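Welcome! Open your viewer, keep the selection tool at hand, and follow along stop by stop.

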Amino acid sequence: MKPVSFFSKFTFLCNIAFLLFLFFNKIEAKKPPTVGTEALGAIPFFKDLIIILGFSAIVINLIMCFIYLVFIIAKKTLPMPQWLTIVNLIFLPVQFYFFFFYNSLSQ
């Protein structure tokens, strides 16, 4: 049960990284385009990590929600706080909307 609790907390951190990813995405969209090689500057490690975790949050969250479903079908109690389960479940439709509908509408 400890790995499920750890993975659920990790999923929550990935969901927070997803929010920061959205924030950085909005900031980058508002910047004027630059010409030249200066536009390809190095991304700091922290920002790079947030982008990777935020972008992969949908896969991690989908796996975790599937684990929640298995626990519910097996009628076992979840080994983590209920608020954590609810927050992770709320993030999943938001992530699906952003990655599959929002990006296709804005192009």
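## A walk through the three helices

Start at F7: leaving aside neighbours within four places in sequence, F7 is in contact with I60, I63, M64 and I67. Keep in mind as you look around that this is a predicted model.

**Stop 1: F7 and its surroundings.** F7 sits in helix α1, which covers residues 2–30. Is F7 buried, partly exposed or exposed? F7 has a relative accessible area of 22%, so it counts as partly exposed. Now add I67 to the selection: F7 and I67 are 60 residues apart in sequence, and their C-alpha atoms are 10.0 Å apart in space.

**Stop 2: the whole chain.** Zoom out and show the cartoon. The chain has three helices and zero strands, and reading along the sequence gives the pattern α-α-α. Of its 107 residues, 27% count as buried. Among contacts between residues at least 6 apart in sequence, 84% join residues at least 24 apart. Turn on the surface as well: about 7700 Å² is exposed, and carbon and sulfur atoms supply 76% of that area.

**Stop 3: helix α1.** Select residues 2–30. The end C-alpha atoms of α1 are 43 Å apart, which agrees with the 42 Å that its 29 residues should span at 1.5 Å a residue. Try colouring the buried residues of α1, among them V4, S8, T11, N15, F18, F21 and F24.

**Stop 4: helix α2.** Next, select residues 45–73, the extent of α2. This helix has 29 residues and reaches 40 Å from its first C-alpha to its last, close to the expected 42 Å. Where is α2 kinked? Centre the view on A57, where you will find a kink of about 50°. A57 is also one of the buried residues of α2, a list including I50, G54, I58, N61, C65, Y68 and F71.

**Stop 5: the loop after α2.** Move on to K75, in the loop between α2 and α3. Its relative accessible area is 75%, so K75 is exposed. Look at the backbone here too: phi of K75 is near 55°, a positive value in a residue other than glycine. Most residues other than glycine have a negative phi.

**Stop 6: N88.** Now select N88, which belongs to helix α3. Is N88 buried or exposed? N88 is buried, because its relative accessible area is 0%. Which residues does N88 touch, leaving aside neighbours within four places in sequence? Show S8, T11, F12, N15, N61, C65 and Y68, which are in contact with N88. Several of these have come up already: S8, T11 and N15 are among the buried residues of α1, while N61, C65 and Y68 are among those of α2.

**Stop 7: a patch on the surface.** For the last stop, select L62, F96, Y97, F100 and F101 and show their surface. These residues form a nonpolar patch with about 500 Å² of accessible area together. Which helix gives the largest share of the nonpolar patch? That helix is α3, residues 82–106, which contributes four residues. L62, by contrast, has its place in α2. With 42% relative accessibility, L62 counts as partly exposed.

Terms used:
Residues are numbered from 1 along each chain as its sequence is written. This is a predicted model: local features need pLDDT of at least 70, side-chain atom pairs count only at pLDDT 80 or more; totals for chains, interfaces and linings use all residues. Side-chain values use heavy atoms; hydrogens and water are left out. Patches are made of residues with over 30% relative accessible area and no salt bridge: like charges are joined within 9 Å, nonpolar side chains (Val, Leu, Ile, Met, Phe, Trp, Tyr) within 5 Å. Accessible areas come from the Shrake-Rupley method with a 1.4 Å probe; for residues, only the protein chains shown count as cover. A salt bridge is a side-chain nitrogen of Lys or Arg within 4 Å of a carboxyl oxygen of Asp or Glu. Helices (H or I, at least four residues) and strands (E, at least two) are DSSP runs, numbered from the N terminus. Buried means under 20% relative accessible area, exposed over 50%, partly exposed in between (1.4 Å probe, protein chains only). The expected span of a helix is 1.5 Å times one less than its number of residues. The bend at a residue is the angle between axes fitted to the seven residues ending there and the seven starting there. Contact means heavy atoms within 4.5 Å.
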